[in-house]
Amino acid sequence: EMLDPTWWTACLVSKPMSRSQYFHDLTNLTVMAWDLLTIPMEAAGLILEPPSYYNVIGLIAASWWTLEMVLNFGRGYMRNGVIEMRLKQTSKAYLKSWFMSDILLVALDWCTNFLGELMTFFGLARSM
């Protein structure tokens with residue numbers, strides 16, 4: 001197991017296959033299921049008048065994915081049979097692997113949430 005020499009950086013890295021990591025992955029699965037169900041329905045125009053909680057859950061999902069990006073910098077992983085737990089190494093691995101696709105998807109998520117709210121605001125302002 002490769003660990004950081006300082007305690008404060010070691011606290012920022014999550015151990016793979018730990019109980020907390022399983023809970024984290026289960027939360028990811030739940031938020032992903034929401035996105036996989038609602039995004040195609042929105043694109044097809046099947047959700048014309050969303051209930052009040054719908055936008056709140058959308059903002060919670062976007063917030064979760066943003067937090068997930070930050071947490072991924074400190075996600076430990078296995079390399080050649082050794083658990084890598086050094087923050088510098090986990091950050092480099094994330095930047096080289098999923099970071100670009102994550103940031104593009106999270107930015108798109110926030111843009112669509114923001115534009116949806118903007119359109120709702122101007123639609124309401126126009127009707128007054």
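With a relative accessible area of 49%, Leu3 counts as partly exposed, because that class covers values between 20% and 50%. The model described here is predicted. Leu3 belongs to strand 1, which spans residues 2–3. Although Leu3 and Met85 are 82 residues apart along the chain, their C-alpha atoms are separated by 5.0 Å. Once neighbours within four places in sequence are set aside, Leu3 is in contact with Met85 and Arg86.

From this strand the reader may turn to helix 2, residues 19–43, where Gln21 is found. Gln21 has a relative accessibility of 7% and therefore counts as buried, since the limit for that class is under 20%. Which residues surround Gln21, leaving aside those within four places in sequence? Gln21 is in contact with Ser14, Lys15 and Arg75.

The interior comes next. In soluble globular proteins, nonpolar side chains tend to be buried together. The largest nonpolar core of this model has eight residues in all: Val31, Ala61, Trp64, Trp65, Met69, Tyr94, Phe99 and Val106. At least two residues of this core are supplied by helix 3 (52–72), and at least two by helix 5 (99–127). Helix 3 provides the largest share, four residues. One member of the core, Val106, can be followed through its contacts: apart from neighbours within four places in sequence, Val106 is in contact with Trp65, Thr66 and Met69. Of these contact partners, Trp65 and Met69 are themselves listed in the core.

The surface also has a nonpolar feature. Phe114, Leu115, Leu118, Phe121 and Phe122 make a nonpolar surface patch of about 520 Å². Leu115, one of these residues, lies in helix 5. Is Leu115 buried or partly exposed? Its relative accessibility is 45%, so Leu115 counts as partly exposed. Helix 5 thus has a place in both parts of this account, as it supplies at least two residues of the core and contains Leu115, a residue of the surface patch.

The cysteines remain to be considered. How many disulfides does the structure hold? The structure holds zero disulfides. Cys11 is exposed because its relative accessible area is 59%, and the limit for that class is over 50%. Cys111, by contrast, has a relative accessibility of 43%, which means that Cys111 counts as partly exposed.

Note on methods. Residues are numbered from 1 along each chain as its sequence is written. This is a predicted model: local features need pLDDT of at least 70, side-chain atom pairs count only at pLDDT 80 or more; totals for chains, interfaces and linings use all residues. Side-chain values use heavy atoms; hydrogens and water are left out. A nonpolar core is a set of buried Ala, Val, Leu, Ile, Met, Phe, Trp, Tyr and Cys residues joined through side-chain atoms within 4.5 Å. Buried means under 20% relative accessible area, exposed over 50%, partly exposed in between (1.4 Å probe, protein chains only). Contact means heavy atoms within 4.5 Å. A disulfide is a pair of cysteine sulfur atoms within 2.5 Å. Patches are made of residues with over 30% relative accessible area and no salt bridge: like charges are joined within 9 Å, nonpolar side chains (Val, Leu, Ile, Met, Phe, Trp, Tyr) within 5 Å. Accessible areas come from the Shrake-Rupley method with a 1.4 Å probe; for residues, only the protein chains shown count as cover. A salt bridge is a side-chain nitrogen of Lys or Arg within 4 Å of a carboxyl oxygen of Asp or Glu.
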